[in-house]
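Visitor: Could we take a close look at one part of this model? I'd enjoy following a single residue and seeing where it leads.

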Amino acid sequence: MAVPKRKTSKSKTASRKAQNMKKPIARASSCSQCGAPAMPHRACPSCGYYNGRQVLTVVTED
């Protein structure tokens, strides 16, 4: 198995992560129930629906 020759420096790691922070979230999808942006394969945080059924109880601040 290949082994890295040198440890990745803190500067190199920080530079790479800084570029990742600039990328837009293209993987976010919209909820089929309410249309709010939601991460794929997760329950919608705004309505609590996943795969067409209610899986979470969402409490709204009124």
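Visitor: In which helix does asparagine 20 lie?

Guide: Happy to show you! This is a predicted model, with local features needing pLDDT of at least 70 and side-chain atom pairs pLDDT 80 or more, while totals for chains, interfaces and linings use all residues. Residues are numbered from 1 along each chain as its sequence is written, and side-chain values use heavy atoms, without hydrogens or water.

Asparagine 20 lies in helix α1, residues 10-22 (helices are DSSP H or I runs of at least four residues, strands E runs of at least two). With a relative accessible area of 42%, asparagine 20 is partly exposed (between buried, under 20%, and exposed, over 50%, using a 1.4 Å probe and protein chains only).

Now follow the chain to valine 58: 38 residues separate it from asparagine 20, and their C-alpha atoms are 31 Å apart. Valine 55 belongs to the segment after β4 (53-54). Valine 55 counts as partly exposed because its relative accessibility is 39%.

Elsewhere, the largest pocket has 14 lining residues (a pocket is an open set of points on a 1 Å grid where a 1.4 Å probe fits, with protein on both sides within 12 Å along at least five of seven lines; lining residues have an atom within 4 Å of a point). Ser32, Arg42, Tyr49, Tyr50 and Asn51 lie nearest the centre of that pocket. Two strands, β1 (29-30) and β3 (49-50), each give at least two residues to its lining.
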